[in-house]
Amino acid sequence: MTTSEASAAAAEDPAPPAPLAPPGEHGPVRWLRAVGRAFEPVRRAPVTVFAVVALWAVGAFTGSLGGGPPRSLLDNVGVGVPALADGRWWTPLTSVLWCSGIGNYIGSTLLLLLLGSAAEQRMGSLRTGMVFFLGQVLGSLLGTGVVKLGSLAGEDWLDGLAQDLTATPAVAACAVGAFLSFRLSALWRRRLQLILIVFPLMLALYVGHLQGVLVLAGTVVGLGIGALAHRETHRLRMPHASHSEGRVLVALVVAASAIGPLVATLYKDSLGPFNVLDLYVSGGPSAQEIADACVSGGTECARIQAQDHFYGSPAMLMGIAIPLLLLVLAEGLRRGLRLSWRITVAAQLLWLGLMAYLLSDIVSHADRYVLEGSDQADQKAAMIQAVVEQMLLPLLVLVLLFLTRRLFDQLLARATVTWLLGTAGGALLLACLAYVGIGYAVRDQFTPDATFSKLVSGLPTQFFPPSYEPFFFQGQAPVPVGGTALALYEYCGMLFWVVTLIALFVAFRRPLTHADDDAASRARALLSAHGGSTLSYLTTWPGNHYWFSADGRAAVAYRVHSTVALTTGDPFGEESARADAIDGFAEYCDERGWTPCFYSVTADAKARTDALGWSSVQVAEDTVVPLPELAFTGKKWQDVRTALNKAKKEGITAEWHSFPEAPIALTDQIRSISEEWVADKGLPEMGFTLGGLDELDDPYVRCLLAVDEDRTVHGITSWMPVYGDAGSSGGGNGEAGGAPVEPRPVGWTLDFMRRRSDGFRGSMEFLIASAALGFKEEGAAFLSLSGAPLARSDTGEPPAALQRLLDYAGRVLEPVYGFRSLLNFKAKFQPTYRPMYMCYPDPAALPNITRAIGKAYLPHMKPAQGVRLMRKLTA
């Protein structure tokens, strides 16, 4: 990577040095100033500050900070069905001044400071105050109405809430946050809306308190008001997300499904409909359960005492094994890992299978689950309802995972998968051997004495919390009563889960790879040593397979769609071997029944396929800017000089970064700019020869950012290296004095281009010009502005029939993707035009080739996007 540096244009007039700190401003003083700057947005948010101060002052004055307002006070200020039924119409508003306990005071304060101060900065204090008021009142009324309707419908959970009263300003805070989301970029609008919907929903379903229902209702009210206020610019829908951001959203949902049950464990009186079986998050037996089981002593008493001992030890971590697993898997989903998707699906299916087994067992053997002397039919119906409710969440998560399965196509390195399987499998084997082997040695510490067969049959119980045993493993495991036996019971399963979860997390954080990592590494080494065309670095992107010549001197990157082997540019490797590689790859495809198609290749490759009798058509035009004699002088460079001068006046500089190691404050803005572009299009992202955020995450790709004095990113370009032959470029990977030399690019190719919609308008001209000057100083021979698909300059020659069809497709797609406008934009840099071709052996295969190219460029297109695309094309 490169370190951050100013471009050559900015270096001509360096910025003044930062002022020195005032005398005496050191140590603690500097820290205090930093804290002050962090709270600067809060100081400029009078409505938020007033709400927080009033909340704590009223709470302190009425003695409500500890356990919430006294019952006599809550009856007069708390909102709920009883209050409104008794005519206390003011309670939806007065409930904003109290909370139900110290935890709620802290949580509500954080919500107010975070969402309220941000809203005042973007919307103004007056509008924020109005939304705050309306959100609290309408959200409380809506939530109370839902509870009343549910009570009338006979829903037991909501019928219980119909007797409660509560008070919290979180209703107003979430309403303000939902309204604020319409003022944010597409990236954060979508994320904030999802968080404000999913997390309160999980809390309502698992914790089940009235305030959770009201907070969720406040979010709904905020979204509704926001949609009405911004109906000219926004619709109340999730804006279209790129496949990269789609992974983040799915990961958030999976994480919320895990965090909801975890948070519910912090409440002693959780009563949500999804928190009834004590299985998803398992806890120990109560004192009354222990006393009832030990009335007559025996094995059952020993078993429940062992469970009590289990949950009093570090092994209690197993009680939250499933939520912890989902949180780790959410990290893998965020990175788009196929392995994480498969494990998440398997975990949800396993949970559904356990619930289905439990449901069938309740129906067949109800006597095991109901108490004597009570209405068995009612208890059986309640148990069945509880199990069905437990199945809803994993079922919905499964549906989401299957609908978005195409997003998760990233692969881990084969060595990483092998290490993961070895680590988890080794931990499982060691735990089993320890339990059976050591357990048999101390078999007298079990009741009854453990036999070898009983220990083996009890193995499954060691990897689930003890609360699962009565439901799924009735009496299969011997009961431990001695010290060593108890240690085995507690720690064998726990150690397996700890090792496996850590191994999964470490594996998910490792770099991604290709389907054949060894081939990808070999291809990258060949490319960096001998080079290829200006687009050859695209061959390193995930999704490619590789063919190597018999002597290993050249390679071809390709992907197969519809029996068409579509290459990524020219063959690469030793220059003398590239032409023969075309013949060899064609033979390789013929043996497998594939149609070879060399896509976006140079005139040299076309000359070889012409000799083979193949057909060809121009599909793009590369634009190459020679650097040694580059100077932005003369009238033809006026636009470029204007952009450079205007950027200098506005305090905008060009900074080099490597995306994987760039500051998060910058990478987050890059993602936001990209997501805004995708969301505004509402159309599928194109791939194949057009890179996105995933392709930026490469240490060898250099990113040039246009950044102003406030560290706001106005635009970004990314540059891929173009390597030359080690023997001819003078910058390869030969040896100097016996030491290997790092491959040095002879040129650079532009890939990723994005501009902030409300940012500096000349940012692209500024960035490309700055990059050109910087590369020139480094000694690069050229930079390529890459080729725009379906766009070419007019050569004056009459086009063939297929060329006319492609030209027509370019004109039709112009309003949607703007390829021709992009080619015209690049003309500002006075490039040399080099046509790029598609070469294919059989014209009869063109329908298949067209379909393959469509799949390559639009791998994640959904039916709704296809319909939207067709509407734009026919408009």
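Trainee: In which helix is L138 found?

Mentor: This is a predicted model, and in it L138 is found in helix α9.

Trainee: Does that place L138 inside or at the surface, and how is L138 classed by accessibility?

Mentor: L138 counts as partly exposed because its relative accessibility is 38%, and the partly exposed class lies between 20% and 50%. L138 also belongs to a nonpolar patch on the surface, together with L93, F133, L134 and L141.

Trainee: How much accessible area do the patch residues have together, about?

Mentor: The five named residues together have about 400 Å² of accessible area.

Trainee: Which helix gives the most to the nonpolar patch?

Mentor: Helix α9, spanning residues 125–152, gives the most, with four residues.

Trainee: Next, a charged residue. Is R191 buried or exposed?

Mentor: R191 has a relative accessible area of 13%, so R191 is buried; the cut-off for buried is under 20%. R191 lies in helix α12, residues 186–206.

Trainee: Which residues does R191 touch, leaving aside those up to four places away in sequence?

Mentor: R191 touches E245, V248, L249 and D668.

Trainee: Now strands. Which way do the residues of strand β7 point?

Mentor: The general idea comes first. In a regular strand, side chains alternate between the two faces of the sheet. In strand β7, residues 564–567, V564 and L566 point one way, while A565 and T567 point the other way. All four of these residues are buried.

Trainee: In what sense do β6 and β7 pair, and over how many bridges?

Mentor: Strand β6, residues 554–561, pairs with β7 in the antiparallel sense over four bridges. To find the register, look at Y558, which stands opposite T567 in β7.

Trainee: What do β6 and β7 form, and how many residues are between them?

Mentor: They form a hairpin with two residues between the strands. In the turn, S562 has a positive phi of about 55°.

Trainee: In what sense do β7 and strand β9 pair?

Mentor: β7 and β9 pair in the parallel sense, over three bridges, with β9 covering residues 595–601. Here L566 stands opposite C597 in β9.

Trainee: On to cysteines. How many disulfides does the count come to?

Mentor: The count comes to zero disulfides. As for individual cysteines, C99 counts as buried because its relative accessibility is 1%. C703 counts as buried because its relative accessibility is 1% as well.

Trainee: Where is P314 found?

Mentor: P314 is in the loop between α16 (299–311) and α17 (321–334). P314 has a relative accessible area of 52%, so P314 is exposed; the cut-off for exposed is over 50%.

Trainee: How far apart are P314 and E490 in sequence and in space?

Mentor: They are 176 residues apart in sequence, and their C-alpha atoms are 8.2 Å apart in space. Setting aside residues up to four places away in sequence, P314 touches Y491 and M494.

Trainee: How many salt bridges does the count come to?

Mentor: Start with the principle. Side chains of opposite charge can pair when their charged atoms come close. In this model the count comes to 13 salt bridges.

Trainee: Which residue forms a salt bridge with D86?

Mentor: D86 pairs with R88, and their closest N and O atoms are 3.5 Å apart. D86 is exposed because its relative accessible area is 57%, whereas R88 is buried because its relative accessible area is 15%.

Trainee: In which helix do E331 and R334 lie?

Mentor: Both lie in helix α17, three residues apart, which is about one turn of the helix. Their side chains meet in a salt bridge, at 2.9 Å from N to O. With a relative accessibility of 14%, E331 counts as buried, and with 36%, R334 counts as partly exposed.

Trainee: Which residue forms a salt bridge with D698?

Mentor: R524 does, with the closest N and O atoms 3.7 Å apart. This pair links distant parts of the chain, 174 residues apart: D698 is in the loop between α29 (693–696) and β12 (702–707), and R524 is in helix α24, residues 517–530. D698 counts as buried at 10% relative accessibility, and R524 counts as partly exposed at 29%.

Trainee: Which residues are linked in a network of salt bridges?

Mentor: D551, R553 and E574 are linked in such a network.

Key
Residues are numbered from 1 along each chain as its sequence is written. This is a predicted model: local features need pLDDT of at least 70, side-chain atom pairs count only at pLDDT 80 or more; totals for chains, interfaces and linings use all residues. Side-chain values use heavy atoms; hydrogens and water are left out. Patches are made of residues with over 30% relative accessible area and no salt bridge: like charges are joined within 9 Å, nonpolar side chains (Val, Leu, Ile, Met, Phe, Trp, Tyr) within 5 Å. Accessible areas come from the Shrake-Rupley method with a 1.4 Å probe; for residues, only the protein chains shown count as cover. A salt bridge is a side-chain nitrogen of Lys or Arg within 4 Å of a carboxyl oxygen of Asp or Glu. Buried means under 20% relative accessible area, exposed over 50%, partly exposed in between (1.4 Å probe, protein chains only). Contact means heavy atoms within 4.5 Å. Two strands pair if DSSP finds at least two bridges between them. A disulfide is a pair of cysteine sulfur atoms within 2.5 Å.
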